[in-house]
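I opened this model to note how its sheet is assembled, what packs against it, and which backbone spots deserve a second look. The entries below follow the order in which I looked things up.

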Amino acid sequence: MPPTQGDVVPDFEAVCCDGETFRSRALSETLGSDGGLLVSTGFVFSAIAENWYKRFEGYGWGSESVPLVGISRDGPYAQNEFLRGNDLPFRLFADVSGGVSETLGLLTDRHHMANVTTPRRSVFVLDADREVQYAHVADDWTSPLPREEIGEALEEL
C-alpha cells in the first residue's frame with residue numbers, strides 16, 4: 001500500500017544522481033530543512049517524466065529547503081544524462097532493482113506483460129520528518145497531476 005497522508009515514509013538509501021555525479025544517499029539526507037517533494041515517474045526518458053519534470057521546474061517547485069527528488073528505474077548514467085539534457089535542477093534516485101518502489105508500495109503489474117512491474121506515477125509532499133503531508137498516486141498512466149493541491153501542500157511546509 002503506498003503511503004498516505006500522516007504516514008512516515010521509510011528512510012531508504014539508494015544511488016542519488018545530481019546530473020553530474022552519483023552516490024549512495026539516504027532520503028533523510030536528501031530532503032531539505034522543511035521537507036521535500038518525492039516524485040515517481042517510472043522511467044526518466046518516458047514522455048511522462050519529461051513532461052512532469054519540465055512542468056515542475058516551470059512551477060518553481062524544488063528549492064534548497066524543499067527540494068524535488070525523483071525516483072526512477074533507470075540507472076545512474078541515464079538519470080544524469082536526463083538531468084543534464086533537460087537542464088533540470090533536481091536529484092533522482094536510481095531504483096534499478098525496484099526495491100525503493102516496492103518499499104513504497106508503488107509497484108504494479110503491467111497488463112499483458114508477464115512478470116513485469118513498474119512503479120505507479122506518484123507525488124508525495126513530505127515534511128522534514130518524512131511525514132506525508134500530501135499524497136497522489138495515479139490510477140492510470142495519463143491523468144494530469146492535481147497541481148493546485150500539490151502546490152498548496154508545498155506552501156504549507
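**Entry 1, the middle of the sheet.** I began with β3 and β4 in this predicted model, and found that the two strands run parallel and are joined by five bridges. Within that pairing I looked up V39, whose bridge partner in β4 is G70. I then followed the chain from β3 through α2 to β4, and noted that this β-α-β crossover is right-handed.

On the other pairing of β3, I found β8, which is antiparallel to β3 and again linked to it over five bridges. Here the residue I checked was L38, and its bridge partner in β8 is F124. I reminded myself that strands of a sheet pair through backbone hydrogen bonds, in either the parallel or the antiparallel sense.

**Entry 2, burial of β3.** How many residues of β3 are buried? I counted seven of the seven, so the strand is largely enclosed by the rest of the structure. Sorting them by face, I listed G36, L38, S40 and G42 on one side, and L37, V39 and T41 on the other, with all of them buried, so that I could record both faces of β3 as covered.

**Entry 3, the whole sheet.** I next wrote out the strand order, β2-β1-β5-β4-β3-β8-β9, which describes an open sheet of seven strands with mixed pairing. At its edges stand β2 (22-26) and β9 (132-137), and because each has a single partner strand, one side of each is left without a neighbour in the sheet. From one strand to the next, I noted an average twist of 25 degrees.

Further along the order I looked at β4 (residues 68-72) and β5, which pair in the parallel sense over four bridges. In that pair, V69 stands opposite R91 of β5. I then turned to the helices lying on the sheet, of which α3 touches β1 (13-17), β2, β4 and β5, with a direction that makes about 160 degrees with that of β5. Helix α5 (residues 147-155) also packs on the sheet, where it touches β3 (36-42), β8 (122-126) and β9, and its direction makes about 20 degrees with that of β8.

**Entry 4, nonpolar cores.** Which residues have the most contacts inside the largest nonpolar core? This core has 22 residues, and I recorded L37, V39, Y53, F56, L68 and I150 as those with the most contacts within it. Its contributors include β3, α2 (47-59), α3, β8 and α5, each of which supplies at least two residues, and the largest share, four residues, comes from α2.

I followed I150 individually and, leaving aside its neighbours within four places in sequence, found it in contact with L37, W61, V123, V125, Y134 and L145. Apart from the largest core lies another, of 17 residues, which has L38, I71, L104 and L126 among its members.

**Entry 5, the loop after α3.** I moved to N86, which is found in the loop between α3 (76-85) and β5 (91-94). Is N86 buried or exposed? Its relative accessible area is 18%, and because the cut-off for burial is under 20%, I entered N86 as buried. Setting aside neighbours within four places in sequence, I found N86 in contact with E50 and K54, and with K54 there is a side-chain to side-chain polar contact of 3.4 Å.

In this loop between α3 and β5 I also looked up D87, which is exposed, with a relative accessible area of 63%. What made me pause was its phi, which is positive at about 50 degrees although D87 is not a glycine. Most residues other than glycine have a negative phi. I found another positive value at R130, where phi is near 70 degrees in a residue that is likewise not glycine, and R130 has its place in the loop between β8 and β9.

**Entry 6, the start of the chain.** Last, I looked up M1, in the segment before β1, and recorded it as exposed at 87% relative accessibility. Leaving out neighbours within four places in sequence, M1 is still in contact with L104 and G105. I also took the separation of the C-alpha atoms of M1 and A138, which is 13 Å, although the two residues are 137 residues apart along the chain.

Definitions and conventions: Residues are numbered from 1 along each chain as its sequence is written. This is a predicted model: local features need pLDDT of at least 70, side-chain atom pairs count only at pLDDT 80 or more; totals for chains, interfaces and linings use all residues. Side-chain values use heavy atoms; hydrogens and water are left out. Buried means under 20% relative accessible area, exposed over 50%, partly exposed in between (1.4 Å probe, protein chains only). A polar contact is a pair of N or O atoms within 3.5 Å; within protein, one must be able to donate a hydrogen and the other to accept it, and residues adjacent in sequence count only if both atoms are side-chain atoms. Contact means heavy atoms within 4.5 Å. Two strands pair if DSSP finds at least two bridges between them. Axes are lines fitted to C-alpha atoms, for helices over the stretch in contact, and angles run from 0 to 180 degrees between N-to-C directions. A nonpolar core is a set of buried Ala, Val, Leu, Ile, Met, Phe, Trp, Tyr and Cys residues joined through side-chain atoms within 4.5 Å. A crossover is right-handed if, with the strands pointing away from the viewer, the path from the first strand over the helix to the second runs clockwise.
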